[in-house]
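Let's take a walk through this one, starting where the two chains meet and then stepping back to look at how one of them is laid out.

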Amino acid sequence: MSGGANTPLRRLVEKGRASTATARTATLLGAASSLASTFLAWSYGSAFPGDLTIYGYPGGAQVHVLVLAAVAIALLLIEVSPLRRVVTPGGVGGTVRVLASGVFLITAFTVLAIGVELGGLINVEWGGWVALVAAAVFAVAARLLPADRPAVWSYRLPDWVEFLVIAVVLGLALAAFVQALAIPEWEIFLCYLVALGAALAAAWRLGLAAWISAVGARHRGVTVTAAFVVAAAFPFTQGSDNHWLNVMVNVGIFATTAIGLNIVVGLAGLLDLGYVAFLGVGAYVGALLSGAAASSIGWNPPFAVTVVIGAVVTAIVGVIIGTPTLRVRGDYLAIVTLGFGEIFRITVNNLDGSTGPQVTNGPNGIPGIPDLVFLGVDFGQSHTIFGMNLGYFANYFFLELVLIAFVILVFSRMNNSRLGRAWLAIREDEVAAQAAGINTFRLKLLAFALGATLAGMAGTIQAHAISSITPDSYQFLNSAFLVAAVVLGGMGTVTGAMLGSVVLLLLPEKFRFFQDNKLLIFGLTLVLMMRFRPEGMIANKRRQAEFHEEEISERLGREAQAEGAR
Amino acid sequence: MTAMLEVDDLRVAYGNILAVKGISFRVEQGQVVTLIGGNGAGKTTTLRTLSGLLHPVGGQIRFKGRRIDGMAAHKIVELGIAHSPEGRHIFPRMTIEENLLLGAYLRRDGAAIEQDVRRAYELFPVLGERRRQAAGTLSGGEQQMLAMGRAMMSRPELLMLDEPSMGLSPIMMQKIMETVAALKESGTTILLVEQNAQAALNLADRGYVLETGRIVLEDHGQALLGNDQVRKAYLGED
């Protein structure tokens with residue numbers, strides 16, 4: 001090409017390069033001043049959470065800004081250093097942009113919240129305004145950074161290093177979780193969530209997260225074991241404080257039930273809106289055989305026997321409910337299961353001696369269920385393990401971990417078997433599945449009964465853990481929450497169901513607003529999820545394909561076209 | 001000698017409406033028998049009843065001398081009848097290999113299944129090339145190949161093909177028909193339902209012409225091809 005034609009182009013390129021440098025400098029400045037601003041006082045009133053009136057000592061949400069800005073600065077510096085080939089092969093534009101957005105959101109929210117809570121923006125000290133301006137400069141300048149390419153970290157390290165990575169990541173996850181629980185003020189907690197979200201999104205953009213999940217997938221067994229070890233370490237972070245342990249025990253029950261439901265919904269594709277009834281059956285079996293004074297059955301077998309009886313009874317109930325209901329499909333099935341779920345609750349309400357035989361004490365339920373004694377361990381006592389005195393809920397927590405491990409084992413064995421393939425076939429095309437020789441009704445009933453059994457086992461533990469059960473704990477709303485947990489977390493994945501349970505049960509503990517508007521918020525969340533990420537937070541690959549068929553076929557089409565052009 | 005499949009006065013209804021109004025036909029071992037006829041003649045209904053997806057209101061179906069009318073679909077597959085349904089009905093989001101394996105769902109002989117999968121890939125090389133691909137990404141003709149391959153995976157004694165040429169390009173249609181011919185050569189007994197009467201009758205040992213739920217004509221395949229009535233009604237000649 002001739003130089004003449006090139007001149008305007010070259011000028012444009014040089015201009016582009018210059019503006020890239022400018023944008024980088026501006027971003028760096030914005031990030032640095034954001035970081036510096038956290039050492040200023042943002043508020044005149046010390047009543048705001050985190051006490052932002054002190055100079056030279058970042059507190060509350062300022063710490064989040066500090067960390068995000070520091071990471072951004074580090075990345076920007078790496079990009080102009082030789083390290084960039086290793087750490088940021090795809091560039092840092094998108095990563096820094098996400099971090100900057102996080103910083104801006106947190107700063108803006110904090111400044112606004114100071115204004116609202118302390119009675120007017122007059123309470124924002126000049127440091128707060130400086131922080132806001134700095135964050136705005138940071139965010140805008142980051143937008144001007146050149147876009148990055150999707151980065152691929154394909155490093156293969158020696159096994160022991162990768163094991164270490166897994167351990168460190170899971171340890172950090174536990175630390176982040178414990179830290180989140182420890183934040184008492186909702187304002188700071190919200191900022192913490194934003195910061196965490198920004199950090200995670202940044203890790204994805206950088207390629208770090210994808211690499212970590214690839215490492216995890218390479219050493220699956222190690223990852224799963226390490227995850228359980230880390231989960232088992234949780235009680236040790238709480239000491240003898242029972243509050244969050246108690247919450248986590250409820251989360252554990254809920255999560256076990258959700259994984260069981262995920263076999264029914266996620267694997268077999270049967271929408272069951274009355275699932276909580278099976279948890280209820282298990283809980284009533286557990287309560288009636290617990291030796292509680294209010295129990296109508298005097299027999300108090302060892303807990304191992306109770307669990308087996310609970311499992312068998314719920315399996316039978318599952319078959320009884322499933323046999324008529326599984327003859328209908330789709331929406332009809334959802335409505336019929338909903339009806340049967342309510343029938344359970346109403347029946348239990350009426351087995352009170354006046355409108356029916358006395359079995360369940362009716363609406364009064366069964367109070368005073370004694371703590372478990374299992375394998376010689378009294379679950380009502382606190383125990384000292386590794387020199388640490390743990391709250392007594394830790395006992396239940398450990399037992400649940402064992403149960404969850406069992407449920408996960410069942411789930412994954414089912415998913416990766418001939419049976420799992422048959423369920424998938426039924427979900428895909430029931431007629432073709434029948435024509436292939438699959439006994440669709442029996443397999444659906446099996447999924448239904450299996451899910452019921454797992455919920456029943458969880459129920460027997462639940463009765464002891466919450467020590468008092470009433471029919472109202474097993475109403476339709478709870479079934480809806482279970483389905484919501486599965487959908488939110490991801491249909492067909494174990495991690496998804498667990499994550500969904502944690503989110504659904506912990507957020508209301510943290511935000512009063514959530515507590516008061518649970519239904520509104522869950523409804524809204526589900527609508528938004530259906531619109532933007534129908535496969536849930538953690539996607540099952542196949543489910544993802546089901547929800548994004550058009551996009552995938554478009555991509556395949558584009559690839560085929562590109563191949564044809566070549 | 002009893003025929004492999006004997007259908008006697010079969011009647012099938014959707015609600016109050018009789019779609020198949022008492023038909024009788026036989027399929028002998030090793031034969032290709034075809035049912036032809038226009039839309040709504042009852043061909044697909046007949047096949048779906050034979051494979052147990054529908055239940056008859058009257059008449060008898062005997063397979064190797066045993067009554068199978070009213071039996072559940074999975075039991076009929078177990079007895080040795082495979083059905084490649086109309087509209088292909090492959091599992092679009094499962095891989096090609098998984099589709100084939102599902103065809104062998106009732107079999108427990110792992111090594112032989114693998115061998116049959118390899119044979120399916122020999123018969124349809126395009127399937128082998130894309131074995132890890134989602135079946136929904138295949139073209140219509142390739143999906144038809146998959147549907148036939150899947151039906152063969154149960155090692156059926158009787159293979160029922162419902163409109164294998166439907167919606168295919170002429171070249172694809174020819175390919176599919178060649179495959180049916182090859183299956184016939186290898187000794188598979190086939191019950192073929194087709195709208196493409198010419199192609200079907202060319203292959204068939206015996207043909208039955210259905211009209212609104214009744215058999216109006218039956219003869220050897222070649223004889224039907226030469227039949228004036230058939231030529232006018234189904235081969236577009238006058």
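In this predicted model, five residue pairs make polar contact across the interface of chain A and chain B, with both partners at pLDDT 80 or more. Salt bridges are counted separately, and between chain A and chain B the tally is one. That bridge joins Arg93(B) to Glu428(A), and their closest N and O atoms sit 2.7 Å apart.

So which parts of chain A face its partner? Four helices each give two or more residues to the side that touches chain B: α15 (418-428), α16 (430-435), α22 (541-547) and α23 (549-565). The top contributor is α15(A), with six residues. Sort that side of chain A by class and you get twelve nonpolar residues, seven charged ones and three polar ones.

Now for the extent of the whole thing. Chain A puts 22 residues into the contact, and chain B puts in 21. People often express the size of an interface as the accessible area that is lost when the parts come together. Here, chain A and chain B bury about 2100 Å² between them, with carbon and sulfur atoms giving 59% of that. On the chain A side, Arg418(A), Arg421(A) and Glu428(A) supply 29% of the area buried against chain B, which is more than any other three residues manage. Glu428(A) is a familiar face by now, being the salt-bridge partner of Arg93(B).

Stepping back to chain A itself, the domain assignment splits it into domain 1 (18-222) and domain 2 (239-500). The C-alpha centres of these two domains of chain A are 40 Å apart.

How values were computed:
Residues numbered from 1 in each chain as written. Chains lettered and ligands numbered in written order. Predicted model: local features only at pLDDT ≥ 70, side-chain atom pairs only at ≥ 80, totals over all residues. Heavy atoms only, no water. Contact = heavy atoms within 4.5 Å. Buried area = accessible area lost by both parts, 1.4 Å probe. Salt bridge = Lys/Arg side-chain N within 4 Å of Asp/Glu carboxyl O. Polar contact = N/O pair within 3.5 Å; in protein donor to acceptor, adjacent residues only side chain to side chain. Nonpolar A, V, L, I, M, F, W, Y, C, P; charged D, E, K, R; others polar. Domains from an automatic or database assignment.
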